[in-house]
Amino acid sequence: MMSAKPRPGSGRRVLSVLPVVVLLAAAGCSAAPDEQSVAEQETVTATVTAPVESRFDNANCSTDRTGQDISGDVHVRDGQTCLLSDLTVTGDIDVHSGGRLELHGVRVTEDVEAEGHAFVLVSGGEVSGSIELEHGGEAVVENVTIGGSLESEENSGPQRFEGNTIGGDLECEHNHHTPTGGDNRVAGEREGQCAGL
């Protein structure tokens with residue numbers, strides 16, 4: 001019995017068809033032309049806008065500011081309310097007649113001076129120099145580390161000083177209301193109306 005022999009050239013036909021199939025697959029012909037062109041043409045444009053930082057006016061603090069340090073002296077004028085939180089002021093803070101100041105967890109490298117102020121609140125934080133309150137209205141100083149002295153003189157509004165650590169003196173004189181508070185740690189002298197605080 002004789003075995004069947006392949007016809008001459010039949011093997012070459014099969015092999016010549018395979019490269020064409022491979023080339024078509026590699027060229028991406030299996031995907032629909034419309035889908036491929038849409039995928040290539042689609043682009044996403046994202047616009048990133050950096051936050052605009054408002055300029056802080058040291059000479060006229062009438063705004064709220066949190067977490068952004070301030071270089072230089074800060075002035076609070078008549079009718080202005082300055083509220084600062086969790087930052088450092090490299091310089092003095094001066095509260096002029098009629099000004100209102102609130103400090104929460106603020107570090108001041110120099111003094112806090114208020115004369116004729118409407119209201120002053122210093123809560124937490126540190127004042128490397130002194131806090132001076134004169135001829136003004138209400139004031140509260142609580143839980144503050146003060147490198148120098150805390151002085152209160154001739155104020156018409158109530159004063160409360162509580163839980164402070166004071167490197168200098170605690171002096172209170174001629175205030176309309178006797179200051180209240182207590183639990184202050186004073187390295188210097190306790191004088192006048194604050195002798196018992």
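Guide: Before we start, a residue is called buried when its relative accessible area is under 20%, and exposed when that area is over 50%. Please also keep in mind that this is a predicted model.

Visitor: Okay, so in strand β18, which side chains are buried?

Guide: In β18, which covers residues 170–173, the side chains alternate, with L170 and C172 pointing to one face and buried, while E171 and E173 point to the other face and are not buried.

Visitor: And what stands opposite E171 in β15?

Guide: That is E151, and the strand β15, residues 150–153, runs parallel to β18 and is joined to it by 4 bridges.

Visitor: What about β21, which residue there is the bridge partner of E171?

Guide: In β21 the partner of E171 is E191, and β18 pairs with β21 in the parallel sense as well, over 3 bridges.

Visitor: What holds paired strands together, in general?

Guide: Strands of a sheet pair through backbone hydrogen bonds, and the pairing can be either parallel or antiparallel.

Visitor: How many strands are in the open sheet, and in what order?

Guide: The open sheet has 7 strands, paired in parallel, and their order is β3-β6-β9-β12-β15-β18-β21. The edges are taken by β3 (74–76) and β21 (190–192), and because each has a single partner strand, one side of each is left without a neighbour in the sheet. From one strand to the next, the twist averages 5°.

Visitor: Can we look at β6 and β9, how many bridges join them?

Guide: There are 3 bridges between β6, which spans residues 93–95, and β9, and these two strands run parallel. One residue to look for is I93, whose bridge partner in β9 is V112.

Visitor: New topic: where is H117?

Guide: You will find H117 in the loop between β9 (112–115) and β10 (119–123).

Visitor: Is it buried or exposed, and why?

Guide: H117 counts as buried because its relative accessible area is 2%, and the cut-off for that word is under 20%.

Visitor: What is H117 in contact with, leaving aside its neighbours within four places in sequence?

Guide: The residues in contact with H117 include V95, H96, S97, G98 and G99, and further along the list come L133, E134 and N155, among others.

Visitor: Last one, how many helices and strands does the chain have?

Guide: The chain has 2 helices and 21 strands. Buried residues make up 35% of its 197 residues, and the accessible surface of the chain comes to about 11700 Å², with 50% of that belonging to carbon and sulfur atoms.

Technical notes: Residues are numbered from 1 along each chain as its sequence is written. This is a predicted model: local features need pLDDT of at least 70, side-chain atom pairs count only at pLDDT 80 or more; totals for chains, interfaces and linings use all residues. Side-chain values use heavy atoms; hydrogens and water are left out. Buried means under 20% relative accessible area, exposed over 50%, partly exposed in between (1.4 Å probe, protein chains only). Contact means heavy atoms within 4.5 Å. Two strands pair if DSSP finds at least two bridges between them. Axes are lines fitted to C-alpha atoms, for helices over the stretch in contact, and angles run from 0 to 180 degrees between N-to-C directions. Accessible areas come from the Shrake-Rupley method with a 1.4 Å probe; for residues, only the protein chains shown count as cover.
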